[in-house]
Structure formats: C-alpha cells, structure tokens
Amino acid sequence: MQQKTVTTDVLDIAYLDYGAPDGWPCIMGHGFPYDVNAYAATAPLLAQAGARVLVPWLRGYGPTRFRSASTLRSGEQAALGADLLAFMDALGIERAVVGGYDWGGRAACVVSALYPERVVGLVSGNSYNIQNIARAMEPASPPEEAALWYQYLFHNERGRRALERNRRGFARQLWSMWSPTWAFDDATFETSAVSFDNPDFVDVVIHSYRHRYALVQGDPAYAGIEAKLAAQPQVGVPTIAIDGDSDGVNPGTAHHARKFEGFFERRVFAGAGHNLPQERPAEWAQAVLDLRKAALQ
C-alpha cells in the first residue's frame with residue numbers, strides 16, 4: 001500500500017493505492033465522519049484477489065486539498081460524483097468497480113447512474129444514495145427524524161461552531177450511535193479522526209448538510225449534474241446493495257430495489273452498523289468480488 005496524490009482541475013486528491021499497478025481497478029469511497037481507514041482490512045483482501053484498490057480521501061478530509069482558495073467548499077452530491085469521475089480521468093482509468101457507503105457511496109451512485117460506461121459494477125452501502133432534494137422537506141417517521149438530529153443542528157450557526165470546536169467529539173458520538181455493536185477502541189478512532197483536521201472539513205460538511213435540504217446554493221460548476229440528479233435517475237449497472245441490521249442512522253433500504261435495473265442483489269450484514277467495510281471487511285470484500293464476477297458474466 002502506498003499513499004499518493006493526483007491532481008484534478010479542482011483538487012489535489014490524496015489516496016491509498018493497494019495491489020499491483022496492472023490489477024483490475026476498484027475504487028472505494030468512505031463516508032462522513034470516517035476516512036480511508038474504513039478499508040484498511042478490506043483493501044488488502046481485494047488486492048490479494050487481483051484488484052488494484054484505490055481509496056481516496058474525499059474533499060475536506062485528510063491530505064486532500066482544494067487547489068484554489070476561491071473554490072466553493074461544496075459538499076453537494078454532484079461535487080462528490082464529479083470528484084470521483086475526475087479522479088478516474090486523472091489516473092487514466094476508463095472503467096472500474098466502484099463502491100462505498102454514506103458520502104462515498106453517494107459519489108459511486110452518481111457516477112454509476114450518470115456515467116454507466118465508466119463503471120463495471122457498483123457496491124453500495126445503503127443502496128440508492130442519490131438525494132431527492134426536491135422532496136427534502138417531506139418528513140420521515142419520528143424515529144428516523146430523531147436519528148437525523150446532527151443534520152438539523154448543522155443547519156444553523158450553533159451547529160457550525162459546535163463542529164468547529166469539537167470535531168472529534170461529534171464524530172465519536174456518531175460512530176457510537178450509528179454502529180452500536182462495533183467495539184472500536186481509541187486507537188482505531190484516532191487513526192481516522194486526524195482526517196477531520198483538514199482545514200476545509202467544517203465548511204464542506206456544513207455545506208453538504210445544508211445543500212441537501214435546499215437551504216444553500218450549490219456550486220454553479222456542478223449545476224448540470226445536479227439537474228440530472230433531480231430526475232432521480234435509475235442505476236443501470238450491476239449492483240450489490242448492502243445494509244447493516246444494526247445501522248443507527250439508516251433503517252434499511254429494501255424499498256430501493258426499484259431504482260436499479262439489470263443485475264441487483266441486496267445483502268444484510270448481521271450485527272453491523274453504518275460503517276460497513278470497517279465493521280465487516282471480509283464480507284464487504286466478498287461482495288465486491290461477487291459483484292465483479294456477476295458483472296463480467
């Protein structure tokens with residue numbers, strides 16, 4: 001495994017590179033508030049199976065940096081998808097198995113839905129992660145609303161200040177609530193928590209949780225992508241979707257199956273919470289291998 005950096009128009013994207021340079025491309029994305037260490041055990045398993053596994057730090061995380069001070073620190077879904085596509089272009093990757101959960105899964109879903117010619121197959125934590133912003137003000141059930149407390153806090157300046165002052169405290173609280181059966185230790189948390197020291201972390205996070213409710217404008221550079229996502233496009237590439245049965249923020253996505261065309265399989269990881277690849281690395285790796293096999297048949 002090596003840490004590298006590649007330059008796109010907007011970002012210097014830092015990433016971890018596992019496996020042989022001529023292995024089959026596999027790009028895995030982390031979520032909020034996590035980082036590339038979510039795949040520390042999964043990526044070597046895939047590399048042993050012949051993959052070249054690329055795990056980038058998302059915008060606002062770890063060593064990834066914006067190239068210009070004037071770029072909007074957007075966390076909108078279109079920006080995440082555009083970053084993934086630009087990452088592939090910069091590395092000369094025509095097609096890849098893509099996957100992830102939370103923000104990283106959203107980026108993978110965006111590229112899979114809008115640029116299927118670039119995707120061999122998709123492994124998606126929590127299935128269809130493309131936000132329906134037009135319906136963002138439609139309420140969910142009381143338990144689901146209660147789980148989203150942090151999003152509503154981030155809608156105001158008290159929330160921004162709270163995150164700025166205690167990034168680790170907020171992240172650890174969410175880790176504990178979202179993965180109640182995962183007995184992570186201090187060292188495991190701190191290994192990822194250093195990624196939240198990125199100078200743009202707070203701005204990107206706050207923009208993300210405001211934009212998804214249409215409370216702030218997006219970056220005009222991604223308006224075209226957002227317009228396409230507003231139509232809630234189908235995902236037509238082969239897909240394995242995964243839920244954890246102990247996920248404290250997502251109650252399950254069996255109803256998402258209608259958003260996928262072609263090969264689709266949903267798996268439920270018993271006893272797993274939200275951080276699926278880090279909690280169940282062998283099962284996540286197997287899902288990637290099974291997905292690739294199905295896609296190539």
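What follows is a short conversation about how some features of this predicted model get their labels.

Colleague: Why are helix 7 and helix 8 called oblique to each other?

Modeller: Start with the angle. The axes of helix 7 (residues 167-178) and helix 8 (residues 186-193) cross at roughly 125°. Roughly perpendicular covers 65 to 115 degrees, and roughly antiparallel needs over 145. The value fits neither label, so the pair is oblique. The axes come within 11 Å. The crossing is right-handed.

Colleague: Which residues make the contact?

Modeller: Helix 7 brings Arg168, Ala171, Arg172 and Trp175. Helix 8 brings Asp186, Thr188, Phe189, Glu190, Ser192 and Ala193. By class, that is four nonpolar, two polar and four charged residues.

Colleague: What makes aspartate 17 and arginine 52 a salt bridge?

Modeller: The cut-off is a side-chain nitrogen within 4 Å of a carboxyl oxygen. Here the N to O distance is 2.7 Å, so the pair qualifies. Aspartate 17 sits in strand 2 (residues 11-18) and arginine 52 in strand 4 (residues 51-56). They are 35 residues apart, so the bridge links distant parts of the chain. Both residues are buried.

Colleague: How many salt bridges does the structure hold?

Modeller: It holds 16. One of them joins aspartate 203 and arginine 160, with the closest N and O atoms 2.7 Å apart. Aspartate 203 is in helix 9 (residues 201-211), and arginine 160 is in helix 6 (residues 157-165). The two residues are 43 apart along the chain.

Colleague: Why do aspartate 203 and arginine 160 count as partly exposed?

Modeller: Buried means under 20%, and exposed means over 50%. Aspartate 203 has a relative accessible area of 33%. Arginine 160 has 24%. Both values lie between the limits, so both residues are partly exposed. These two also belong to a network of salt bridges with Glu157 and Arg210.

Colleague: Arginine 167 forms a salt bridge with glutamate 164. Are the partners buried or exposed, or partly exposed?

Modeller: Arginine 167 has a relative accessible area of 13%. That is under 20%, so arginine 167 is buried. Glutamate 164 has 42%, which makes it partly exposed. Their closest N and O atoms are 2.7 Å apart.

Colleague: What does arginine 292 touch?

Modeller: Arginine 292 touches Trp24 and Val97, not counting residues up to four places away in sequence. It lies in helix 12 (residues 281-296). At 27% relative accessible area, arginine 292 is partly exposed.

Colleague: Now the backbone. What is notable about the phi of alanine 214?

Modeller: Most residues other than glycine have a negative phi. Phi of alanine 214 is near 60°, a positive value. Alanine 214 lies in the loop between helix 9 and helix 10 (223-229). Its relative accessible area is 54%, over the 50% limit, so alanine 214 is exposed.

Colleague: And what is the phi of glutamine 232?

Modeller: It is about 50°, again positive although the residue is not a glycine. Glutamine 232 is in the loop between helix 10 and strand 8 (239-244). Its relative accessible area is 16%, under the 20% limit, so glutamine 232 is buried.

Colleague: Where is there a cis peptide bond?

Modeller: Most peptide bonds are trans. A cis bond joins phenylalanine 32 and proline 33, with omega about -10°. Proline 33 is in the loop between strand 3 (24-29) and helix 1 (42-48).

Conventions:
Residues numbered from 1 in each chain as written. Predicted model: local features only at pLDDT ≥ 70, side-chain atom pairs only at ≥ 80, totals over all residues. Heavy atoms only, no water. Axes fitted to C-alpha atoms, helices over the stretch in contact; angles between N-to-C directions. Helix = DSSP H or I, 4+ residues; strand = E, 2+ residues; numbered from the N terminus. Parallel < 35°, antiparallel > 145°, perpendicular 65-115°, else oblique. Left-handed = near helix turned anticlockwise from the far one by under 90°. Contact = heavy atoms within 4.5 Å. Nonpolar A, V, L, I, M, F, W, Y, C, P; charged D, E, K, R; others polar. Buried < 20%, exposed > 50% of the residue type's maximum accessible area, 1.4 Å probe, protein only.
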